[in-house]
Amino acid sequence: MITLSDLLPLYRHMVRIRLVEEGIANRYGEEGQLMRCPIHLCVGQEAAAVGVCAHLRPQDGVFGTHRSHGHYLAKDGDLLALIAELYGKDTGCCQGRGGSMHLIDPSVGFMGAVPIVGATIPLAVGAAWAGQRLGDGSVAVVFFGDGCFEEGVLHETMNFASLRKIPVLFVCENNQFSINTLLKDRQPDRSIHGIAQAHGMAVYQADGNDVEAVWEVARQATRRARAGEGPAFLELSTYRMLEHCGPNDDEALGYRAVGELAAWRERCPLKITAKRLQQLGMSQDAIDRIGPQLKQEIDAVFIQAKASPLPENTRGANVFAPSQSWPVAAPTTELKRQITFFGAVREASALALADDPNLFLIGEGIPSDPAGVFGTVKGLRQEFGSERVLDMPIAENGLTGICIGAALRGIKSIMVYYRIDFLYLAMDQLANVAAKWHYLFHQPVPIVIRAIIGRGWGQGPQHSQSFQAMFGHIPGLKVVMPVTAQDAKGMLLAAVADPNPVLFLEHRWLHGIIGEVPEVSYCTALDRARLVREGKDVTIAAFSFMVLEALKAAEILAQFGVDCEVIDMRSVQPLDLEPVLESVNKTGRLLVADTGWVTCGMGAEIVARVVERAFPRLKVAPVRIGLPDYPAPTAPSLAYDYYPDAETVGRQVIALLESDVRPSLDAVVSRLRWQGKRDVPNPQFKGPF
Ligand SMILES: Cc1ncc(C[n+]2csc(CCOP(=O)(O)OP(=O)(O)O)c2C)c(N)n1
C-alpha cells in the first residue's frame, strides 16, 4: 500500500509536469513565435510517467515518443535543457537540433525520445538486453501510445523480448486517440493487452490517471523484470486533454464524444491524487502551496532558456561520431598468405569477437546454415558460443532497432543480412534512428551491418539488388564496399572499431576471390579510395565487383595501347573524390562503373562532383555504367545483357577516345567477351545462392 511519503513526491512531480506543460502552452504563441517546433503536450497523462519512473534507478533507461515532456521530467531530465530545446537554444538537450519531439538526458537515464511512432520500442528492448548481457541489474522502459499497436515493430520486439526474457517494460498510455482518430476506428474490437499477452509476457492494466494504481503495477512489473522473470506490458488508460499537436483545447473539432472531456477533467490525475493526499492526512493548505512554489522555479527556467544563446550554425558537424584514422593499406610485411574474401570476413569477425567479449554477431538462420553465410561465419558459433553468435527472428526492423538500442549502451554487434533486399524492412531504424542519433543526441551508435549485394545465379529481382546509392544518400550512415580479401578483413575490423553505424556491403561474386591477407589484426581506412592501376588515358572509378571487371578491361585495352587508370572507390559514404579528381586532371576522361542502377546511382554522384570541380579538365563527356532501369530478371535469356561487365567497360572506354586513337572495337570486344556461363563469375561458383 502506498504511503504519504511515497505519494507526495509523485504528486509534486505531476504538478511540476502540468505546470511546465501549461507554461509551454501559454508561451507557445508569444510575440515573435520564439518557440518554433511542434509540441505534443501531455496534460492529463502525467500519472503514467510519474508512477512508472518512481521505481527506476538512474541507470535504468527510459525511452519516449513525440509526447515525452512528462517522461523526460519524470525521469529527472534537466528542465532548462528541455525548455531551451523548445526555444531552439544552444543550451537545449539537442542544442536546438531536435525541438520538443527529440529529447535526451543520458545523465539521468532518459535515453531518447523521437517522433517516429514505434521507433524507440526496439531501442528500449536493446538497451535492456544490453543490461541483461552485462548482468548489471538494470531495466529499461519505453512509453508509447495506443497507435503503436498498429506498427509491426511493436510485435517484432515484443516477440524477441519475450523469447529472451529481456528486462523491459512496455508502457502503453492508451489515451484512445491517434491524432484525432478513435481507437475503435483503427483497430478491431479486441483488447490491446490481449495482444501483449499473446506475445507471452506479463500483462498489467491500470487506471492511468490514478498515480497510485500506476505506481503499484509498475512496482510489480519492475520487480519481476529485475528478478529475471522477463518483460511486462502495462496498459494505462488515460486521456489527452489538449489538442494532439499544439497548445489549444480542441473540443470544437468534434472528434471527442459529447461530455467526454468534461468527464475526464473530473478524473484529472492531479485531482485524484490531491484527494488521496487529504485522505492520508495532508492539509488542503499544504497541498495548495506546492504549485506556486514549483511555478517560481519553472518561470525562472523559462526566462533563462529564452535568454540563452542560439546555436552557432555548425552545419554538418556531429553527423558522425569522431572515428580513428586508420592506414589505407594492410601491413605489407605480413603479406604472404592467400585466403578467400569469405575467409577474410570470417577471420575479421573471429578477431573482433575475441577482442571484445561484449560484441555479438546476429543474423537470420546463422546457426542452422551449414554453409555459414557463404563461409563468412562458419564455425564462429562453435568457437564463441550461442550467446555471442546468435540466430535472429525474421524481424528486420525490430532486431536492427534492438541492436541499435544495445549499441546505445556500448554493446556492439555485427548484424548479417543474407541479402541487402531484406534490409529495406529495417529502413526506419537505419535511416530515421541510427543515422540521426549522433547528430541529434551526440551519442555514438557503434553497429556494423553486413549485407550481401549482387547475384548468385537466378536470384532475380528481390535477392540481388545493389542499394549502395540508396543508403549512401542518408547522412549519418557509413557505407563501404571492399573488393579484395585484404580490404574485407581490414575494413570489417575498422567498421567494428568505428563508433558509427557502418553498412558493409559484400558482392556475392566476390566471396570466392583469393588474395593476400596478413594474419595479424589490422584496420584499413573506411574513407579512402584505392588506386589499383595507373594509367594516363582514361579514369575508371569503380565500385565493388565492377573493379574486377574494370581491371580485366584495362589489361586487354593496354594491349591495344589504351592506358586506363582504375580506382577502387571502396566507400560510398564518405566518398573519397580526391583520387578521381587527380586522375581526371591527368586523363581528362572519366568512366564510372557501378553494380547498381545508373539512375540516381553512384555514377551520377561522381560525375556530378567531377563536373562541378574539374569541368575544364574534361576532354569529353563522362560516362556511367550500371544497371538499366528495370528489375533484375531471373532467366539467363533475360539476364544476359542486364549486368555490365568487362566488355561493357571496354566498349565505353573506346567510345571515350578520339577516333584517331581508337582501337578496333571488334578486336577489343572479342577479347573481353564473357567466357562460359553468363550468370556465374567463374566455373567454381556454386549456385543457386
Ligand atoms: C511512423 C509514423 N507514422 C505516422 C506518424 C504521424 N503521427 C504523429 S503522432 C501520431 C499519433 C500517434 O498516436 P499514439 O501512438 O496513440 O500516441 P498519442 O499521440 O496518442 O500520444 C501519428 C500517427 C508518425 N509520427 N510516425
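Which residues point one way from E14 and which the other way? Ile447, Ile449, Ala451 and Ile453 point to one side of the strand, Val448, Arg450 and Ile452 point to the other, and all are buried. A residue is buried if 20 or more other C-beta atoms lie within 10 Å of its own, exposed if 12 or fewer, and partly exposed in between, with C-beta atoms placed from the backbone.

This is a predicted model, in which local features need pLDDT of at least 70, side-chain atom pairs count only at pLDDT 80 or more, and totals for chains, interfaces and linings use all residues. Residues are numbered from 1 along each chain as its sequence is written.

## Overall architecture

The protein has 23 helices and 23 strands. Helices (H or I, at least four residues) and strands (E, at least two) are DSSP runs, numbered from the N terminus. The C-alpha trace spans about 100 × 55 × 50 Å along its principal axes. The radius of gyration of the protein is 29 Å, which agrees with the value near 26 Å for a compact globule with 689 residues. That radius is taken over C-alpha atoms, and the globule rule is 2.2 Å times the number of residues to the power 0.38. Of the 689 residues, 51% count as buried. Among contacts with a separation of 6 or more, 80% come from residues 24 or more positions apart; two residues are in contact if their C-beta atoms, placed from the backbone, lie within 7 Å.

## The seven-stranded sheet

An open sheet of seven strands follows the order E12-E11-E13-E14-E16-E15-E21, with mixed pairing. Strand E12 (389-391) and strand E21 (571-573) stand at the edges, each with a single partner strand, so one side of each is left without a neighbour in the sheet. From one strand to the next, the twist averages 20°. Two strands pair if DSSP finds at least two bridges between them.

E14 is mostly covered, as seven of its seven residues are buried. Five bridges join E13 to E14, and the two strands run parallel; here Val448 in E14 is the bridge partner of Ile414. Strand E15 (residues 478-480) is joined to strand E16 (residues 501-507) by three bridges, also in parallel, and Val479 stands opposite Leu503 in E16.

Helix H14 (residues 396-408) lies across strand E11 (360-363), strand E13 (413-417) and strand E14 (447-453), running at about 165° to E13. Axes are lines fitted to C-alpha atoms, for helices over the stretch in contact, and angles run from 0 to 180 degrees between N-to-C directions.

## The five-stranded sheet

A further open sheet has five strands in the order E18-E20-E19-E22-E23, again with mixed pairing. Its edge strands, E18 (530-533) and E23 (623-627), each pair on one side only. Neighbouring strands are turned by 25° against each other on average, direction ignored. Strand E19 (residues 538-542) and strand E20 (residues 564-568) run parallel and are joined by five bridges, with Val538 opposite Cys564 in E20.

H20 packs on this sheet, touching E19, strand E22 (590-597) and E23, and its direction makes about 150° with that of E22. Helix H22 (residues 646-656) also packs on the sheet, touching E19, E20, E22 and E23, at about 165° to the direction of E23.

Val607 lies in helix H20 (residues 602-614). Val607 is buried, with 21 other C-beta atoms within 10 Å. Not counting residues up to four places away in sequence, Val607 touches Leu590, Val592, Pro622 and Arg624.

## The ligand shell

Of the 16 residues around the ligand, Arg67, Val117, Gly145, Gly147 and Ser178 come nearest; a residue is near a molecule if its C-beta atom, placed from the backbone, lies within 6 Å of it. Strand E4 (140-145) and strand E6 (177-178) each supply at least two residues of this shell.

## Backbone particulars

Two residues other than glycine with positive phi are listed below.

| Residue | Phi | Loop | Other C-beta atoms within 10 Å |
|---|---|---|---|
| Gln176 | near 80° | between E5 (168-174) and E6 | 18, partly exposed |
| Phe374 | near 60° | between E11 and H13 (380-384) | 22, buried |

The peptide bond from Gln573 to Pro574 is cis, with omega near 0°. Pro574 is placed in the loop between E21 and helix H19 (578-587).
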